[in-house]
Amino acid sequence: QDYPNIELIVIDDGSTDETPQILAEYTGRIQWETQKNMGQTPTINKGWDQSKGEIVTWLNSDDTFLPGAVRKGVDYLMAHPDVGIVFGDTLFTEADGTPVEQSKRLKGFDYEKFVLKCENLIPQPSAFIRRSVLDNTGHLDPSYYYFMDWDFWLRAGIRNRIEYFPELLSTYRLHEESKTVAQAAKAAPELEYMYKKFFALPELPDEIRRLEKWAMVNMYFTSGGYYLKGGDPKGARQMGLKAIQYNPMALTQPGMVHKFIYCQMGGGASYQRGRG
C-alpha cells in the first residue's frame, strides 16, 4: 500500500498455529495481540474500539488488499465528504490464490433497491467506512456469524450515503469451508432474523418502511435458495410458502412465481428439465 498513514491493528483470535510467533517479528511496526478465541465479530469490534483513524475497515486473514487500495478508498471519501461508505470490486480466488472471477460490476448503488432485493452486492474487503458511520450506526452485531457485514450495511444506510466506484480493490478467498453446502443451510436462519430485526427498527424512514411487504418476500425466497444450496429442500419449500403467506400478491408476478417454483422444486431433476 502506498498510503502513508495506515494504522494496522492485528488481533489473533486464538490461533493454534505459529501465528503469535510470526506476529512477534513485527513488534514495533504494527499493533498486535493474541487473545483467547471469542469469535470474528466481537474481535472486529474490539479492533475498531482500539483504532483512532477517521476511516476504518477490516480485513480477514483470508483476504488481501490489492496494491493502492487504501489510497483509492481514502481519496474517494476525501473527495466526497457527503459519502459515509464507499466500496469497489473484489477478485474471488481459490484457496491457493488462483483467480476465479471478479465480483459483478455495478452501475451504481441504490440503497432502496439493496433493501428491497435482499442481495448483498457489497464486497466487504473492498469497503471503506468513515468513523462517523460507526458513531451513528453502532458496531457489528455479535449475534451474527455469517451476515454481520450485511446487517451493518443495512443499518448504516439509514443515516449514511453508500456509494460504489468501479475499482478492483481486494481479493476474497473462497476456501473450502466457505464453499461447503452445510454453511449455506446454517446461514439461512440468520437472513430471516436480520430482516425482521431491520424492519423493527423505530428509526426507519417511511420510504424504507414501505418496502417491507415486498422486501420480506424476496428475503424468504433468498433464504429458500440458501436452504437448497445447503441440501435442505424441505427448508426451501417452507421459505417459499412463507413468502406467499406473507404477501399472496407475489403470485401475480411472473418473476415471483419462478422464485416460488424454484423453492418448491429447485433441487429436483424435474425443475431442471422444466427450466431447460
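This passage walks through a predicted model, starting with one helix and its surroundings and then moving on to strands, cores, rings and a few single residues.

Helix α3 is a handy place to start. It spans residues 69-79, and its buried residues are Ala69, Val70, Gly73, Val74, Tyr76 and Leu77. Looking down the axis of α3, these buried residues fall within an arc of 160°, so they line one face of the helix. What sits over them? The cover includes several strands, namely β3 (55-56), β4 (64-65), β5 (85-93), β7 (127-130) and β8 (162-173).

Just before this helix comes a loop, between β4 and α3, and Leu66 is found there. Leaving aside neighbours within four places in sequence, Leu66 is in contact with Gln1 and also with a run of residues made up of Leu168, Leu169, Ser170 and Thr171. As for Thr90, its C-alpha atom is separated by 9.1 Å from that of Leu66, with the two positions 24 residues apart along the chain.

Tyr76 of helix α3 deserves a second look, this time for its ring. The model has 17 aromatic pairs. In one of them, Tyr76 and Phe165 are tilted, with 4.8 Å centre to centre and 40° between the planes. This pair ties together distant parts of the chain, since Tyr76 belongs to helix α3 and Phe165 to strand β8, 89 residues apart. Both Tyr76 and Phe165 are buried. Elsewhere, ring pairs join Trp48, Trp58, Phe152 and Trp153 into a cluster.

Next come the strands near the start of the numbering. β1 (residues 9-13) and β2 (residues 31-35) run parallel and are joined by five bridges. One such link has Val10 partnered with Trp32 in β2. To get from β1 to β2, the chain passes through helix α1 (residues 19-24), and this β-α-β crossover is right-handed.

Then there is the question of what is packed inside. In soluble globular proteins, nonpolar side chains tend to be buried together. Here, the largest nonpolar core has 56 residues, and those with the most contacts inside it are Trp48, Ile129, Phe152, Tyr195 and Phe198. Helix α10 (residues 212-229) supplies the largest share of this core, with eight residues. Another core, of ten residues, lies apart from it, and Ala69, Val70, Leu77 and Val83 are among its members. Three of those names will be familiar: Ala69, Val70 and Leu77 also appeared among the buried residues of α3.

Trp48 gives a closer view of the bigger core's surroundings. Not counting neighbours within four places in sequence, Trp48 is in contact with Val56, Thr57, Trp58, Ile129, Arg131, Leu134, His139, Leu140 and Phe152. Two of these, Trp58 and Phe152, share the ring cluster with Trp48.

Two single residues round off the tour. Ala187 lies in helix α8 (residues 181-199). How exposed or buried is Ala187? With a relative accessible area of 3%, against a cut-off of under 20%, Ala187 counts as buried. Apart from residues up to four places away in sequence, Ala187 touches Tyr146, Phe147 and Tyr226. The C-alpha atoms of Ala187 and Tyr145 are separated by 8.1 Å, although the two residues are 42 residues apart along the chain.

Cys118 is found in the loop between α4 (111-117) and β7, and at 1% relative accessibility it is buried too. Its backbone is a bit unusual. Most residues other than glycine have a negative phi, whereas phi of Cys118 is near 55°, a positive value.

Notes: Residues numbered from 1 in each chain as written. Predicted model: local features only at pLDDT ≥ 70, side-chain atom pairs only at ≥ 80, totals over all residues. Heavy atoms only, no water. Buried < 20%, exposed > 50% of the residue type's maximum accessible area, 1.4 Å probe, protein only. Helix = DSSP H or I, 4+ residues; strand = E, 2+ residues; numbered from the N terminus. Arc of directions from axis to C-beta. Contact = heavy atoms within 4.5 Å. Pairing = 2+ DSSP bridges. Right-handed = clockwise from strand over helix to strand, strands pointing away. Core = buried A, V, L, I, M, F, W, Y, C linked by side-chain atoms within 4.5 Å. Phe/Tyr/Trp six-rings, centres within 6.5 Å; stacked < 30°, edge-to-face > 60°.
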